[in-house]
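The following exercises concern the geometry and accessibility of one protein chain. Please work through each task before reading its solution.

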Amino acid sequence: MNLQAKCMLSAMLLGALPAVQAADFEDYGRVVRVTPQVERVNRPQQECRTEYVQVQQPQQRSAGGSIVGGIAGALLGSQIGSGNGRTAAAAAGAIAGAVVGDRVDNQNAAPGGVQEQAVKQCRTVDRWESHTTGYEVVYDYRGRNYTSYMSQDPGERVRLRVSVEPVQQ
């Protein structure tokens, strides 16, 4: 085979190569509608606040009057009666003396005061957040509408990869 025939054969083979492959090219489609895909997520949070409440303080009482009154009552009671009656009278005198002694000792005691106390109160509150997860894009290409999900809003037109290949029968 001569050189001229080889060159012609090579040129024919190179010219036929695109016909063997599928035709891929880029084109643009017109965006018809873009709908953001939004997901709502609840992120509960704890809200706390400090309130001040008034707390009644108990009265400061003394036990000295009860002790002295009980001893005095027991001594007086033991002076009454004889035998088992004397023991019972001493016991009754001790009880009565303790009650009277307590009242006398604590009748002028300062009443309990009121004190402010900090109380922390917390509650859980729902915090809903919206996040865009993508976009549903409807676009027109050569008179037909197509839908695709994209991570970004494409704007007024969308770049397309078009592939053309023959239908196998």
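**Exercise 1. Determine whether Arg-142 is buried or exposed, and examine its backbone.**

Step 1. At 70% relative accessibility, Arg-142 is classed as exposed; the class requires over 50% relative accessible area, buried means under 20%, and partly exposed lies in between (1.4 Å probe, protein chains only).

Step 2. The model is predicted, so local features need pLDDT of at least 70 and side-chain atom pairs pLDDT 80 or more, whereas totals for chains, interfaces and linings use all residues. Residues are numbered from 1 along each chain as its sequence is written, and side-chain values use heavy atoms, without hydrogens and water.

Step 3. Arg-142 sits in the loop between strand 4 and strand 5 (144-150). Helices (H or I, at least four residues) and strands (E, at least two) are DSSP runs numbered from the N terminus.

Step 4. Although Arg-142 is not a glycine, its phi is positive, about 55°. Most residues other than glycine have a negative phi.

**Exercise 2. Describe the surroundings of Asp-140 and identify the nearest side chain of opposite charge.**

Step 1. Locate the residue: Asp-140 belongs to strand 4 (residues 128-141).

Step 2. Asp-140 is buried and has no salt bridge, a term that requires a side-chain nitrogen of Lys or Arg within 4 Å of a carboxyl oxygen of Asp or Glu. The nearest side chain of opposite charge is that of Arg-30, 4.3 Å away; for this purpose Lys and Arg count as positive, Asp and Glu as negative, and His and the chain ends are not counted.

Step 3. The side chain of Asp-140 does reach the backbone nitrogen of Gly-143, at 3.5 Å.

Step 4. Leaving aside residues up to four places away in sequence, Asp-140 touches Gly-29, Arg-30, Val-32 and Asn-145, where contact means heavy atoms within 4.5 Å.

**Exercise 3. State how many salt bridges there are, and analyse some of them.**

Step 1. The count is five salt bridges.

Step 2. Glu-26 and Arg-159 form one through their side chains, at 3.0 Å from N to O. Because Glu-26 lies in strand 1 (residues 23-42) and Arg-159 in strand 6 (residues 157-164), the pair ties together parts 133 residues apart in sequence. Arg-159 is exposed, with a relative accessible area of 55%.

Step 3. The side chains of Glu-129 and Arg-43 also meet in a salt bridge, at 3.0 Å from N to O. This pair links distant parts of the chain, 86 residues apart: Glu-129 is in strand 4, and Arg-43 is in the loop between strand 1 and strand 2 (45-56). Glu-129 is partly exposed at 32%, and Arg-43 is partly exposed at 43%.

Step 4. Arg-49 and Glu-51 provide another salt bridge, at 3.0 Å from N to O. Arg-49 is exposed at 51% relative accessibility, while Glu-51 is partly exposed at 27%. In addition, salt bridges with shared partners join Glu-47, Arg-123 and Arg-127 into one network.

**Exercise 4. Summarise the architecture of the chain and its degree of burial.**

Step 1. The chain has three helices and six strands, in the order α-β-β-α-α-β-β-β-β from the N terminus on.

Step 2. Of its 169 residues, 16% count as buried.

Step 3. Among contacts with a separation of 6 or more, 81% come from residues 24 or more positions apart.

Terms used: A polar contact is a pair of N or O atoms within 3.5 Å; within protein, one must be able to donate a hydrogen and the other to accept it, and residues adjacent in sequence count only if both atoms are side-chain atoms.
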